[in-house]
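Open the model in your viewer and keep the sequence panel beside it, since this tour moves from one selection to the next. At each stop, make the selection first and then read what is there.

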Amino acid sequence: MNFDSFLYNTRPFLNYLFDFYSNLEEKSLSSVIYNAGGEDKVSVLVVDMLNGFCKSGPLASPRVAGIIEPIKNLLKACYRMGIKNVFFLNDAHPSDAVEFGEFPPHCVKGTYESEIIDELKEVIEGEPVIVEKNSLNVFFGGELEGGNEFLKKVAEMIKEGKSTFIVVGDCTDLCVYQTAMSIKMIANANNLKVNVIVPENCVETYDTSVKTAESLKIMPHDGNLIHTMFLYHMKLNGIEVVKELLEE
């Protein structure tokens, strides 16, 4: 397939993708709580809102920094409305992490980069529940030592009917996608119902232009296209993608 035919065949889908993104609808937190059966049935998973992705280090992105305020506001609203199940899923790599073969060294455990950003620390109620991870997917790790404890916890929560999960953070196509999709697949594989909600204004990914990528000898990463594509792919797989969660 040459480029002209590729573009011709793909254009209708790109138009659809743009319309999908442009027409995302807002949803109220009160309806989320009501549909879940109560605030204790709702959990918020905050993915990688760390200094190393928001403020400093080789993977820090101004696009990701742009979702700090929306996530802060959403957390404050969730606490006000009685949602207490809040988990922080954080990169905490050893200094010799295998992942550093694909990405520059980042968020090494115990460093400034691996800390939750101050803006969110300010609004956390109680002791934060932190789940550390050494890969893009929080549900991997520990398989050689008896199993992944967070996987067991989420599976048990779904069995108990605590099955609404709001996923926010970064990156849309990496850790957010892996988290949201994994929860949906855990439920599907066990024939259980789950509602995973991703508010678009509280997730984001980074951008690396082709020109910059060529100069750095890395792969480019179109933030706008990839952000939209992965929102679409989550929607395709039964995840509820909304424009914003409003306190109502």
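The stops below go through a predicted model, beginning at the start of the chain.

**Stop one: the start of the chain**

Select M1, which sits in the segment before helix 1 (3-22), and show its surface. M1 has a relative accessible area of 77% and is therefore exposed, because the cut-off for that word is over 50%. Now add F3 and F6 to the selection, and you will have the three residues M1, F3 and F6 that make a nonpolar surface patch of about 410 Å².

**Stop two: helix 1 against helix 10**

Keep helix 1 in view and select helix 10 as well, which covers residues 223-236. At what angle do the axes of helix 1 and helix 10 cross? The crossing is at roughly 80°, and the two axes come within 10 Å of each other. Angles of 65 to 115 degrees count as roughly perpendicular, so helix 1 and helix 10 are described in that way. To see which residues meet, show the side chains of F13, L14, Y16, L17, F20 and Y21 in helix 1, and then those of L225, H227, T228, M229, L231, Y232 and K235 in helix 10.

**Stop three: helix 8 against helix 10**

Leave helix 10 selected, hide helix 1, and bring up helix 8, which is made of residues 175-189. Here the axes come within 11 Å and cross at roughly 5°, so helix 8 is roughly parallel to helix 10. On the side of helix 8 the contact is made by V176, Y177, A180 and M181, while on the side of helix 10 it is made by F230, H233 and M234.

**Stop four: salt bridges**

The next selections are pairs of charged side chains, and the structure holds 14 salt bridges. Select K133 and D91, which form one of them, with their closest N and O atoms 2.6 Å apart. This pair links distant parts of the chain, since K133 belongs to strand 4 (residues 129-133) and D91 to strand 3 (residues 85-91), with their positions 42 residues apart in the count. Are these two residues buried or exposed? Both K133 and D91 are buried.

Move on to K159 and E156, another salt bridge, in which the closest N and O atoms are 3.9 Å apart. Both residues lie in helix 7 (residues 149-159), and they are three residues apart, which is about one turn of the helix. With a relative accessibility of 60%, K159 counts as exposed, whereas E156, at 36%, counts as partly exposed.

Then select K162 and E160, whose side chains meet in a salt bridge with an N to O distance of 3.8 Å. K162 counts as partly exposed at 28% relative accessibility, and E160 counts as partly exposed at 42%. Before leaving this stop, select D48, D91 and K133 together, because salt bridges that share partners join these residues into one network.

**Stop five: a loop residue, A60**

Select A60, which lies in the loop between helix 3 (51-54) and helix 4 (62-65). At 27% relative accessibility, A60 counts as partly exposed. If its neighbours within four places in sequence are left aside, A60 is in contact with G52, F53, C54 and K55. Now draw a distance from A60 to G38, from C-alpha to C-alpha: the two residues are 22 apart in sequence and 36 Å apart in space.

**Stop six: backbone details**

The last selections concern the backbone. Which two residues does a cis peptide bond join? Select D170 and C171, where that bond is found with an omega of about -5°; C171 itself is in the loop between strand 5 (164-170) and helix 8.

Next select N191, in the loop between helix 8 and strand 6 (195-199). N191 has a positive phi of about 55° although it is not a glycine, and with a relative accessible area of 73% N191 is exposed.

Finish at K217, which is found in the loop between helix 9 (210-216) and helix 10. K217 is not a glycine, yet its phi is positive, at about 60°, and K217 counts as exposed at 75% relative accessibility.

Conventions:
Residues are numbered from 1 along each chain as its sequence is written. This is a predicted model: local features need pLDDT of at least 70, side-chain atom pairs count only at pLDDT 80 or more; totals for chains, interfaces and linings use all residues. Side-chain values use heavy atoms; hydrogens and water are left out. Patches are made of residues with over 30% relative accessible area and no salt bridge: like charges are joined within 9 Å, nonpolar side chains (Val, Leu, Ile, Met, Phe, Trp, Tyr) within 5 Å. Accessible areas come from the Shrake-Rupley method with a 1.4 Å probe; for residues, only the protein chains shown count as cover. A salt bridge is a side-chain nitrogen of Lys or Arg within 4 Å of a carboxyl oxygen of Asp or Glu. Helices (H or I, at least four residues) and strands (E, at least two) are DSSP runs, numbered from the N terminus. Buried means under 20% relative accessible area, exposed over 50%, partly exposed in between (1.4 Å probe, protein chains only). Axes are lines fitted to C-alpha atoms, for helices over the stretch in contact, and angles run from 0 to 180 degrees between N-to-C directions. Angles under 35 degrees count as roughly parallel, over 145 as roughly antiparallel, 65 to 115 as roughly perpendicular and the rest as oblique. Contact means heavy atoms within 4.5 Å.
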